[in-house]
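Colleague: Could you take a close look at one part of this model and talk me through what surrounds it, slowly enough for a first-year student?

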Amino acid sequence: MSSVFEIIGPVMIGPSSSHTAGAARLGKMARSIFKEPIERVDLTLYGSFAKTYKGHGTDRALVGGLLGFDAEDERIRDAFKDAAEANLQYQFIESTEEGGHPNEVKFDLYSKDGHHMSIIGRSLGGGRILVTNVNNLAVEISGEDFTILTFHHDCPGVIAWVTSRLGQASVNISTMKVFRKRKHCEAVMLINTDEPVDTQVMADIQNHKSISSVMYFEPLEKAVAE
């Protein structure tokens, strides 16, 4: 069965939920994951995104999302102007490769101090999105949950320690997945929770000797009122 949200789509600026609402949410999700102020971004577009992004307003929606605009924000129409005022540099790259989905984009984000992050996401329709790759590691981030993302060394005890710390803080885990490149190498732990996670718990997780970095973000604003 499909939800009303999936059939009708969200309130949005533009002609297409996949190409505008989803694109705006992808940009906003990339901004949330990157954390730092974005100075420059290369947006590589695949499939339908690459072929129709100008006509469907995907370009403005992506830039608007990177500026923090929601899908229904009327400022998306003038996103290029706002980006110029914010000194956000961007370029669109039309890929001839298939990609992993018809509506897929790769963000190569750069901060002023040279920090770089690569994020790949796809627009699933009805304004729904899925981030599938962060810095060449497979993930599954929908932007609909409280989410913890850890980058850690694949070794015994890390997962048990993190879940135990969340339990001590009365944070309920709704879903959890672990991805790794290969045995005893770099790994990613993706945890969705029912409640927000406070800063002290996040600091404790970050301080674990086998965890190199941690990201935490709250759900993107819902495109429709509940």
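**A close look at strand 4**

Modeller: Before the strand itself, a word on confidence: over residues 1-15 the pLDDT (the predictor's confidence in each residue, from 0 to 100) stays under 50, although the model has 37 contacts (heavy atoms within 4.5 Å) beyond four places in sequence for this stretch. Where pLDDT is low, the predicted coordinates should not be read in detail. The protein as a whole averages a pLDDT of 88, and 89% of the residues score at least 70. This is a predicted model, in which local features need pLDDT of at least 70 and side-chain atom pairs count only at pLDDT 80 or more, while totals for chains, interfaces and linings use all residues. Residues are numbered from 1 along each chain as its sequence is written, and side-chain values use heavy atoms, with hydrogens and water left out.

Strand 4 covers residues 116-125, and 8 of its 10 residues are buried, meaning under 20% relative accessible area with a 1.4 Å probe and protein chains only. Strands here are DSSP runs of E with at least two residues, numbered from the N terminus, and two of them pair if DSSP finds at least two bridges between them.

Strand 4 pairs with strand 3 (residues 103-110) in the antiparallel sense over 7 bridges, and Glu-104 stands opposite Arg-122 of strand 4. The hairpin of these two strands has 5 residues between them, and there Gly-114 takes a positive phi near 95°. Strand 4 is also joined by 6 bridges to strand 5 (residues 128-134), again antiparallel, with Ser-123 opposite Ile-129. In this second hairpin 2 residues lie between the strands, and Gly-126 in the turn has a positive phi of about 65°.

Methods. Buried < 20%, exposed > 50% of the residue type's maximum accessible area, 1.4 Å probe, protein only. Helix = DSSP H or I, 4+ residues; strand = E, 2+ residues; numbered from the N terminus.
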